[in-house]
Amino acid sequence: MTLDTFGSLRSKPIRRTSNRTAYGVAIYSMAMLAMLYFYYHYALLTAIGHWEGDEFATSLEYMQGGWPALLARITNWSPRPFSESLLFAYFRAVELSGRQLIAPFLYVVWAIFLIPLALLLYQIKHDNPQRTPFAFICALSTPLLFLTHPYAYDVFFWVQGAAAYLPTLFAILLVLITLSFVDTLTTFTRTLLISALVVAAFSSELGAFFVVIFSGLIIAQSILAPILRRFLPVAEFKISHMTSPFVAGCSVIFGMYAHRFGDKNEIFGNKNIAQHFYASILSTLQTFPLEFTGARPVSSFLELIVYGPLAKIFFAIGIAIGAAALGITVSRSRGVALLAFAAAALGAAFLSTFASFYQFGENCCGRHQVMREGYDTMALFAVAIVASSLLIRAAAFRSKILECLGLIFVVSAVLVASVPNWPNVKRSYERFAKIRATMASNWQAGRLDSPRLVYFLRGDSYSGDPSLHPGIYARSDVNLVTGRMLDYFHKSEIEIVPPLQ
């Protein structure tokens, strides 16, 4: 055997390794392009985001009352300091500019997630560069599973819904990414995690449900640590770490209980369920398992089986395989924290369902269903990360091929979940120019010096269109939404006009 032959033999495994690396880079690149493709098309729909009756009423309240009105709202009807402050700043900008500024506001709320995520990914890259691409794909794909929900417009494109629920989802996702991919919590990552929990609690009551359960579990196991250590690992958080999130969450829940819980004016469903504890619990037990599977309002039983549960199964399998292939082993104490996260997410989803039945008498509303699906998905994410450690212990799982397979499963989950909702997105784009023209016309009509408000319907249910019927209505005949429009624009009657064709 010559030296050249020996050299060529030695080069073969190197070439094979480089080929695998090239395949990995190609698959990650395609996954990234797929994520960006979806985000690009969904993000453009922010330009046709919408107001409902809440915006007209809240904006008028803040215009007339200023800072005292904000304080009164936070301490009474809506104890959500973070989201209400966002809305106060937004409505002030609308008042000063004379424009609705829907798209800029939604872009800002969407972007709230990007800055802390970038800082967190930088920390992950500093600790373990190999994890960064997979962590980035997981962080991008998770919100896309929420965006594919048929009622996603209630969270992503409705101004007041976005202000409350997007910071909640994004903050909790940051906590999940931190627990899943950061090995050692530094002062920075711990501060980021605690801040994210406080933001989630101060953004919505659904966020407060999660934060109270999660921080409460961590505090409880910290108190019982001397006993639990004999049998179970203990998460690496101290009581002091979780005190501020726990107090923040409790303050929001107490505010909601004191000022809104049990309000008979909000009963618009079954009166035999609303305000009845046992009837609400029974309805929750019947509804919650179906929602957890990812079942959605679709047109056939096949779609019910395929597009909901299958996407979640693909997502969980992809994360477990990908994390195992990367050698992401969570410590036993971190595993406890992740399982506490999963329990908190499922508990918050259950409480949300119960609160809907108790408060409204039905499983309201679309935004709550999106949030619950988000919680269920993130719970599966956390469990999948814990399961990846078991896979590593069971077999030699570290492989670039398996890492790419996990990535394929994650992207496939997004694709499968997108199928039933994509026609809605397509219709929104078909009417995009007309909706933009309608929005401009309606806003300008409201600012005209005329007693009548001429309001054109948008003709698009996905990006948001109030449930109004064409006709001319005097103030005595209007419903809650149109009455708030008349108050905001100081009109005496409204003419509802069919959509532009």
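**Exercise 1. Classify the accessibility of Glu493 and follow its salt bridge to Arg452.**

Solution. With a relative accessibility of 23%, Glu493 counts as partly exposed, a class that lies between buried (under 20% relative accessible area) and exposed (over 50%), computed with a 1.4 Å probe on protein chains only. The model is predicted, so local features need pLDDT of at least 70 and side-chain atom pairs count only at pLDDT 80 or more, while totals for chains, interfaces and linings use all residues. Residues are numbered from 1 along each chain as its sequence is written, and side-chain values use heavy atoms, with hydrogens and water left out.

Next comes the contact itself. A salt bridge requires a side-chain nitrogen of Lys or Arg within 4 Å of a carboxyl oxygen of Asp or Glu, and Glu493 forms one with Arg452, the closest N and O atoms being 2.8 Å apart. Because Glu493 lies in strand β3 (residues 493-497) and Arg452 in strand β1 (residues 452-456), the pair ties together parts that are 41 residues apart in sequence; strands here are DSSP runs (E, at least two residues) and helices are runs of H or I with at least four, numbered from the N terminus. Arg452, at 29% relative accessibility, is likewise partly exposed.

**Exercise 2. Which residue besides Glu493 forms a salt bridge with Arg452, and how far apart are the closest N and O atoms?**

Solution. The residue is Glu495, and the closest N and O atoms of this salt bridge are 3.3 Å apart. This pair links distant parts of the chain, with Arg452 in strand β1 and Glu495 in strand β3, 43 residues apart. Glu495 is partly exposed, its relative accessible area being 23%.

**Exercise 3. Determine the ring geometry of Phe214 with Phe341, and of Tyr429 with Phe432.**

Solution. Rings of Phe, Tyr and Trp (its six-membered ring) pair if their centres lie within 6.5 Å, and planes under 30 degrees apart count as stacked, over 60 as edge-to-face and the rest as tilted. A search of the whole structure finds 28 aromatic pairs. The centres of Phe214 and Phe341 are 6.3 Å apart and their planes stand at 75 degrees, so this pair is edge-to-face. Since Phe214 lies in helix α10 (residues 205-223) and Phe341 in helix α15 (residues 332-360), the pair ties together parts that are 127 residues apart in sequence. Both Phe214 and Phe341 are buried.

For Tyr429 and Phe432, the ring centres are 6.0 Å apart and the planes are at 15 degrees, so the pair is stacked. Tyr429 is partly exposed at 26% relative accessibility, and Phe432 is partly exposed at 23%.
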